[in-house]
Structures are given as structure tokens and as C-alpha cells.
Amino acid sequence: MTMASEAPAGTAVADKGDVPRHVAIIMDGNGRWAQARGLPRTEGHRKGMEAVRRIIRHASRRGIGQLTLYSFSSENWRRPAEEVGFLMGLLRFFIRRDLAELHAENVRVRVIGEREGLPSDIAALLDEAEVLTRANTGLTLAIAFNYGGRQEIVGAVRALAEKVARGEIGPDDIDAEAIDAELHTAAMPEPDLVIRTSGEKRLSNFLLWQAAYSELVFSPVLWPDFDEASFDGAIEEYNARERRYGGVGARQGVR
Ligand code: IPE
Ligand code: IPE
Ligand code: MG
């Protein structure tokens with residue numbers, strides 16, 4: 001991760017037309033989309049999958065370096081078993097149907113989240129996707145599946161505690177970079193922009209550490225309706241922001 005090393009000491013003003021390097025999306029509102037149409041929630045998820053394909057293609061064409069999609073949270077196991085089963089099936093379907101095409105489009109697939117606890121065939125499919133696309137140099141697509149930010153931080157802290165216990169490092173070696181290196185996102189850039197759809201304004205355990213200085217854009221659009229124009233609108237909003245990282249705004253000038 002690049003938090004400690006790359007966050008500028010001063011400020012950065014995005015140029016017009018710039019694209020953020022890393023966009024992360026909390027894809028929310030599938031259930032409400034379906035409910036509004038008198039359909040079962042699962043139909044919303046099915047429709048949401050079309051939005052996933054559309055946005056991956058668009059992000060890739062726009063030259064985004066990394067797109068991270070929050071697909072299933074550690075807390076989503078609390079949903080009815082039928083819905084959980086449907087979401088697992090949808091991931092299977094997505095990898096089986098789209099992996100070859102993603103590979104052909106030079107997309108590198110990464111998966112963040114706990115593999116443990118997932119059906120074994122899904123864990124194997126996720127491995128396959130990562131291995132097949134490992135050397136690709138286009139868009140990095142990070143699928144956050146069975147992902148929870150707190151769980152990820154707990155895992156990193158434990159790994160570091162074990163290193164201390166084995167005498168490999170001392171307590172003073174634990175800094176932001178050491179924690180970064182133990183996260184699922186190790187070596188990935190931080191999200192510049194986090195988008196949440198459906199009008200909810202919370203992070204719901206998504207990239208808690210990594211989003212420390214991300215710009216947040218909340219869109220009222222329900223995920224199944226999120227399209228290229230909605231994505232571009234969020235990028236435009238991002239480009240109008242001034243990132244300060246705790247410094248003084250460059251637009252204000254320093255006097
Ligand atoms: C997002 O849509 C998809 C997942 C969390 C897997 P929801 O299923 O949360 O939809 P709402 O929030 O109930 O409308
Ligand atoms: C966040 O949405 C998780 C995903 C989009 C995968 P939720 O719908 O689960 O979040 P809450 O429950 O509204 O906070
Ligand atoms: Mg939701």
C-alpha cells in the first residue's frame with residue numbers, strides 16, 4: 001500500500017478531465033430496486049450484475065487504474081440463506097461467464113476478503129481468476145467478496161503481533177506501512193474516490209483504513225440503474241474537489 005509513502009505532504013488539485021487512479025464502489029440498492037417493481041430481491045441482484053459488467057467496461061475504457069467493487073460484506077451473511085445462496089451463485093456465474101472476456105481485455109482480477117468460510121468451489125474459482133489474469137496490465141478489478149474492513153485490520157494486527165512474538169520485528173517497527181503490508185490490499189493504491197449508490201451515506205465496513213483520505217461521492221441512483229453517465233458524474237464531482245491531506249488548500253494559496 002502506498003498510504004504512508006505517496007500521500008502528498010501538501011495538497012493536490014485534480015485537473016479537469018483527470019481520472020482518479022483508483023475508484024471503489026459500494027454497490028447498494030439492489031433490493032430496493034426490485035421491491036419498487038414488486039420483484040423478489042434476487043431479481044435486483046441479477047440486474048445489478050448487468051451494471052457490474054457495464055461499469056467494468058466503462059472504467060476500463062476511461063483508463064481507470066483500479067476499480068474495486070464491494071460485492072459481499074462480512075456482515076451480509078446475516079441475510080436470509082436463500083439470498084446468500086443466490087449471491088454466491090451470481091459470483092460463480094460471473095467468473096465462469098466473464099473471466100475469459102476480462103482476460104482478453106487485459107483486466108487483472110484481484111480478490112480481497114476472507115477466502116475462509118466460502119464454498120470451496122468459489123474459493124477455487126477466485127484463485128483461478130487471479131492466476132489467469134496475474135500478468136495483465138490494463139484495469140485492475142478488485143472484487144471485495146466476504147470483505148470486512150475491521151476483520152482485515154484485525155488480521156493485520158494479529159500477523160504483526162505474531163512477528164513480534166517470534167522476535168522478527170520489534171513493537172517500534174509497527175507503523176502505517178507495516179500495517180498496509182499486512183492488509184488484503186497490500187501493494188494496491190488507496191482509493192482516490194469511493195462511490196456509494198442508493199442514497200445511503202455510510203461506509204458499512206468498506207476499506208476503513210484505506211479510505212482515510214478518499215473523496216466520498218454519494219449517488220441517489222440504485223445500483224441496477226447506475227450507468228456510464230452516473231459514473232462520469234461521480235468522476236466530475238471528484239474532479240471538482242480539492243484534496244488537502246491535512247494541509248492548506250492550494251486554491252487558497254499559502255500566505
Ligand atoms: C447491494 O444491494 C448488494 C449487496 C449488499 C450484496 P442490497 O441488497 O443491499 O440492496 P438494498 O440496500 O436492500 O436496497
Ligand atoms: C454494503 O451494503 C455491502 C455491499 C454493498 C456489498 P449493505 O446493504 O450490506 O450495507 P448496510 O447494511 O445498509 O449498511
Ligand atoms: Mg443495501
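Trainee: Glu83 is found in helix 4, in what is a predicted model. Why is Glu83 called buried?

Mentor: The relative accessible area of Glu83 is 6%, and a residue counts as buried when that value is under 20%, so Glu83 is called buried.

Trainee: What makes the pair of Glu83 and Arg41 a polar contact?

Mentor: The side chains of Glu83 and Arg41 are joined at 2.9 Å, and the cut-off for such a pair of N or O atoms is 3.5 Å, so the value falls within the limit. Once neighbours within four places in sequence are left aside, Glu83 is in contact with Arg41 and His45, and both Arg41 and His45 are also listed among the residues around ligand 1.

Trainee: Asp98 is found in helix 4 as well; how do you know whether Asp98 is buried or exposed?

Mentor: Asp98 has a relative accessible area of 4%, and since buried means under 20%, Asp98 is buried. The side chain of Asp98 also makes a polar contact of 3.2 Å with the side chain of Arg97.

Trainee: Which distances tie ligand 1 to Asp28, Asn30 and Arg79?

Mentor: From an oxygen atom of ligand 1, a polar side-chain atom of Asp28 lies 2.8 Å away, while a polar backbone atom of Asn30 is 3.1 Å from an oxygen atom of the ligand. For Arg79, an N or O atom in the side chain is 2.7 Å from an oxygen atom of ligand 1. On its own, ligand 1 has 370 Å² of accessible area, of which the protein covers 86%.

Trainee: How much of ligand 2 does the protein bury, and what distances separate ligand 2 from Asn76, Arg196 and Arg202?

Mentor: An oxygen atom of ligand 2 is 2.9 Å from an N or O atom in the side chain of Asn76, and for Arg202 the corresponding distance is 2.8 Å. A polar side-chain atom of Arg196 lies 3.3 Å from an oxygen atom of ligand 2. Taken alone, ligand 2 exposes 390 Å², and the protein buries 77% of that area.

Trainee: What makes the span of helix 5 close to the expected one?

Mentor: Helix 5, residues 120-133, has 14 residues and reaches 20 Å from its first C-alpha to its last, against 20 Å expected at 1.5 Å a residue. Its buried residues are Ile122, Ala123, Leu125, Leu126, Ala129, Glu130 and Thr133. These residues cover an arc of only 160 degrees around the axis, and therefore they sit on the same side of helix 5. Their cover includes helix 4 and strand 4.

Trainee: How do you know that the buried residues of helix 6 line one face?

Mentor: The buried residues of helix 6 are Gly149, Glu152, Ala156 and Leu160, and seen down the axis they fall within an arc of 70 degrees, so they line one face of the helix. Arg150, Arg158 and Ala165 are exposed on the other side of helix 6. Strand 5 and helix 7 are included in what covers the buried residues.

Trainee: Which residue follows helix 6, and what is notable about its phi?

Mentor: Gly167 follows helix 6, and its phi is positive, near 80 degrees. Helix 6 itself, residues 149-165, has 17 residues and reaches 24 Å, close to the 24 Å expected.

Note on methods. Residues are numbered from 1 along each chain as its sequence is written. Chains are lettered from A and ligands numbered from 1 in the order in which they are written. Side-chain values use heavy atoms; hydrogens and water are left out. Helices (H or I, at least four residues) and strands (E, at least two) are DSSP runs, numbered from the N terminus. The expected span of a helix is 1.5 Å times one less than its number of residues. Buried means under 20% relative accessible area, exposed over 50%, partly exposed in between (1.4 Å probe, protein chains only). The arc is that of the directions from the helix axis to the C-beta atoms. Contact means heavy atoms within 4.5 Å. A residue is near a molecule or strand if one of its heavy atoms lies within 4 Å of it. A polar contact is a pair of N or O atoms within 3.5 Å; within protein, one must be able to donate a hydrogen and the other to accept it, and residues adjacent in sequence count only if both atoms are side-chain atoms. Accessible areas come from the Shrake-Rupley method with a 1.4 Å probe; for residues, only the protein chains shown count as cover.
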